[in-house]
Amino acid sequence: MFTKENAEAYFIYSKTIGLVFLIIGTAAILVASGLYIWGKTPLFKGVALGLIIMSVFQLVFGYKEYSQSDKERKSVVYQMSLDPEAVKNKALVKALQIAGLSTYATYTFIAIGITGLFLLINFGYITTDINDKTIFLKGLGIGILLQAVLCLMGNGAFDIQTKRYIKGLNSFLNKSGNQ
C-alpha cells in the first residue's frame, strides 16, 4: 500500500539525488579548473573541457531537483490527505512527464557518451597523425565519457525511483477509487 510516507520518501530521495548531482558537478568543475590551470598537456586541457561541458548538465539538474523537492513533497502529501482527485490530475501527470523526460535524458546521455567514446577511440587509437589537436580531442573524449557515465548512473537510479513512485500513485488512486 502506497502511503504519504512513501511519497515523502520519493521526494527526499529526489532531493538527495539533486544534492549528489550538485556535489559531483561542482567537484568536476574544480577538478577541471585544476587540470586546465596546472595540466600542461593538451590531454589535460581536453579532459578539463569535457568535464566542464557535462558538469553544466549536472548542476542544472541537481539545482532543479534540490530546490523543488520540498515544495512538491508538501503539495503531494496535502493532495493525498485532502484531495485525491488532485493526485490524479496533478501529481500523477507530473510524475509521468518526469518519467518521459528521464527517458529522453537517458538517450541524450547515451548519445553524449558515444560521442566521447568516438573521440577517445578515433583520436586516441585510430588516428596516426599525433599532434596537440588530436591529443586534446582524446582528452575531451575522456572527460565527456566519464561524465556521461556518471550522469547515466544517477539518471538510472532516479528513473527507477520515479517508476516506483508512479506505480505507488496508481495503487493509491485505485485504493481511493479515483483511477
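The legends below describe views of one predicted model.

**Figure 1. The whole chain is built from four helices.** The secondary structure holds zero strands. Read along the sequence, the pattern is α-α-α-α. The C-alpha trace spans about 70 × 30 × 20 Å along its principal axes. The radius of gyration is 21 Å, whereas a compact globule of 179 residues would have one near 16 Å. Contacts reach far along the sequence: among those between residues at least 6 apart, 82% join residues at least 24 apart.

**Figure 2. The surface of the chain covers about 10000 Å².** Carbon and sulfur atoms account for 69% of this accessible surface. Of the 179 residues, 39% count as buried. The chain carries 17 positive and 10 negative side chains. The centres of these two sets lie 1 Å apart.

**Figure 3. Glu8 and Arg73 join two helices through a salt bridge.** The structure holds six salt bridges, and this view shows the one between Glu8 and Arg73. Their closest N and O atoms are 3.8 Å apart. The pair links distant parts of the chain. Glu8 belongs to helix H1 (residues 4–38), and Arg73 belongs to helix H2 (residues 42–82). In sequence they are 65 residues apart. Glu8 is partly exposed, with a relative accessible area of 27%. Arg73 has a value of 19%, so this residue counts as buried, the cut-off being under 20%.

**Figure 4. Arg73 also forms a salt bridge with Asp70.** Here the closest N and O atoms are 3.7 Å apart. Both residues lie in helix H2. Because they are three residues apart in that helix, about one helical turn separates them. Asp70 is partly exposed at 28% relative accessibility. Pull the view back to see a network of salt bridges that links Glu8, Lys15, Asp70 and Arg73. Side chains of opposite charge can pair when their charged atoms come close.

**Figure 5. Asp159 and Lys163 form a salt bridge within helix H4.** The N to O distance is 3.4 Å. The two residues are four apart in sequence, about one turn of the helix. Their surroundings are unlike in exposure: Asp159 is buried at 12% relative accessibility, whereas Lys163 is exposed at 51%.

**Figure 6. Asn155 is a buried residue of helix H4.** This helix covers residues 132–176. The relative accessibility of Asn155 is 4%, so the residue falls under the 20% cut-off for buried. Which residues does Asn155 touch, leaving aside those up to four places away in sequence? They are Phe21, Ser102, Ala105, Thr106 and Phe109.

**Figure 7. Leu146 is a partly exposed residue of helix H4.** Its relative accessible area is 48%. That value lies under the 50% beyond which a residue counts as exposed, so Leu146 is called partly exposed. Arg164 gives a sense of scale for this view. Leu146 and Arg164 are 18 residues apart in sequence. From C-alpha to C-alpha, the distance between Leu146 and Arg164 is 28 Å.

Technical notes. Residues numbered from 1 in each chain as written. Predicted model: local features only at pLDDT ≥ 70, side-chain atom pairs only at ≥ 80, totals over all residues. Heavy atoms only, no water. Rg over C-alpha atoms; globule rule 2.2 N^0.38 Å. Buried < 20%, exposed > 50% of the residue type's maximum accessible area, 1.4 Å probe, protein only. Contact = heavy atoms within 4.5 Å. Areas by Shrake-Rupley, 256 points an atom, 1.4 Å probe, with all protein chains shown as cover. Lys, Arg positive; Asp, Glu negative; His and termini not counted. Charge placed at Lys NZ, Arg CZ, Asp CG, Glu CD. Salt bridge = Lys/Arg side-chain N within 4 Å of Asp/Glu carboxyl O.
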